[in-house]
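The questions below go through a structural model step by step, and each answer closes on the value or name that was asked for.

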Amino acid sequence: MIIRRLSADPEPDLKSIDDLPALPLAPGFKQEGRRQLITLLQAGLSPDSLLLDIGCGWLRGGYWFIHFLNAGGYHGIEPWEARLEFGRHSILPPEILAGKQPRFSGNEDYDFTEFGRETFDFFFASSIWSHCSKQAIDRMLSQAARHSHQESLFITSCWRATATHPDHAEDRWLGKNKDDGQGVTKVHHDFDKLRKMAAGHGFGMQDLYPNRSYSWLKFSRL
Ligand SMILES: C[S@@+](CC[C@H](N)C(=O)[O-])C[C@H]1O[C@@H](n2cnc3c(N)ncnc32)[C@H](O)[C@@H]1O
């Protein structure tokens with residue numbers, strides 16, 4: 001029910017999520033999670049979709065995805081164990097965790113074979129490409145190519161490189177990390193390079209917000 005209202009109204013008044021505990025999290029946590037779900041709904045997510053949430057963190061979007069999807073439809077990868085545990089046990093209601101049977105992996109190598117699924121309908125990466133290297137992106141796209149079918153979509157947020165924010169060329173994660181909890185830098189990528197890289201893996205790229213520096217990219221099989 002809630003989700004149906006969501007797809008029709010981008011800013012619904014959802015009392016139910018206010019049952020969440022006071023969150024030691026970024027301001028706008030609930031709204032951003034809701035926006036993530038709307039992004040996926042607009043791309044065609046349905047209750048029977050199989051979704052892989054790459055770098056799911058403390059389930060900012062996962063909270064919504066898991067509620068919406070049928071049991072067994074949600075798969076999350078998150079190497080930062082404490083963060084994921086907080087999401088599973090402090091954010092997700094226990095009955096949803098038990099009933100929806102989300103599956104999780106702590107894999108750090110963007111290895112999508114972890115869940116034993118041949119393919120996923122949606123690959124989702126929110127605030128991941130804002131911190132990772134081109135090498136990591138290449139790995140994600142190559143894994144997505146291996147685990148996708150003709151209709152699968154890869155949806156990711158990404159900062160656009162500009163004259164003042166040059167293309168990220170380092171081969172390392174620049175963001176908060178699980179080892180010391182430090183680092184908040186965000187990185188920008190040259191969208192033309194991403195487009196070429198995606199084509200090499202058999203994906204076409206659509207820039208969903210071409211006039212914004214922070215965009216969402218949608219990759220589909222060529
Ligand atoms: C900025 S957070 C975003 C979390 C979540 N997607 C969201 O929108 O709230 C980035 C997450 O990516 C995770 N991460 C870092 N390296 C990763 C890797 N190699 N594979 C998967 N996730 C990774 C971090 O631990 C962190 O939780």
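Q: In this predicted model, how do the residues of the shell around the ligand divide by class?
A: The model is a predicted one, and 19 residues surround its ligand. Sorted by class, this shell holds eight nonpolar, six polar and five charged residues.

Q: Which residues are the closest to the ligand?
A: The ligand is surrounded by 19 residues. The closest of these are Gly-55, Gly-57, Arg-60, Trp-80 and Ser-126.

Q: At what angle do helix H6 and helix H7 pack?
A: Two packed helices are described by the angle between their axes together with the distance between those axes. For helix H6, which covers residues 134-146, and helix H7, which covers residues 191-200, the axes lie 9 Å apart. The crossing of H6 and H7 is right-handed, and the angle at which they pack is about 35°.

Q: Which residues of H7 make the contact with H6?
A: The residues of this contact divide into five nonpolar, no polar and one charged. From H6 come Ile-137, Asp-138 and Leu-141, while H7 contributes Leu-194, Met-197 and Ala-198.

Q: Is Ala-71 buried or exposed?
A: Ala-71 is found in the loop between helix H3 (62-68) and strand E2 (74-77). A residue counts as exposed if 12 or fewer other C-beta atoms lie within 10 Å of its own. Because Ala-71 has 12 C-beta neighbours inside 10 Å, Ala-71 counts as exposed.

Q: Which residues does Ala-71 touch, not counting residues up to four places away in sequence?
A: Ala-71 and Leu-50, 21 residues apart in sequence, are 9.9 Å apart in space, C-alpha to C-alpha. With residues up to four places away in sequence not counted, Ala-71 touches Gly-99, Lys-100 and Gln-101.

Technical notes:
Residues numbered from 1 in each chain as written. Predicted model: local features only at pLDDT ≥ 70, side-chain atom pairs only at ≥ 80, totals over all residues. Axes fitted to C-alpha atoms, helices over the stretch in contact; angles between N-to-C directions. Helix = DSSP H or I, 4+ residues; strand = E, 2+ residues; numbered from the N terminus. Left-handed = near helix turned anticlockwise from the far one by under 90°. Contact = placed C-beta atoms within 7 Å. Nonpolar A, V, L, I, M, F, W, Y, C, P; charged D, E, K, R; others polar. Near = placed C-beta within 6 Å. Buried ≥ 20, exposed ≤ 12 C-beta atoms within 10 Å, placed from the backbone.
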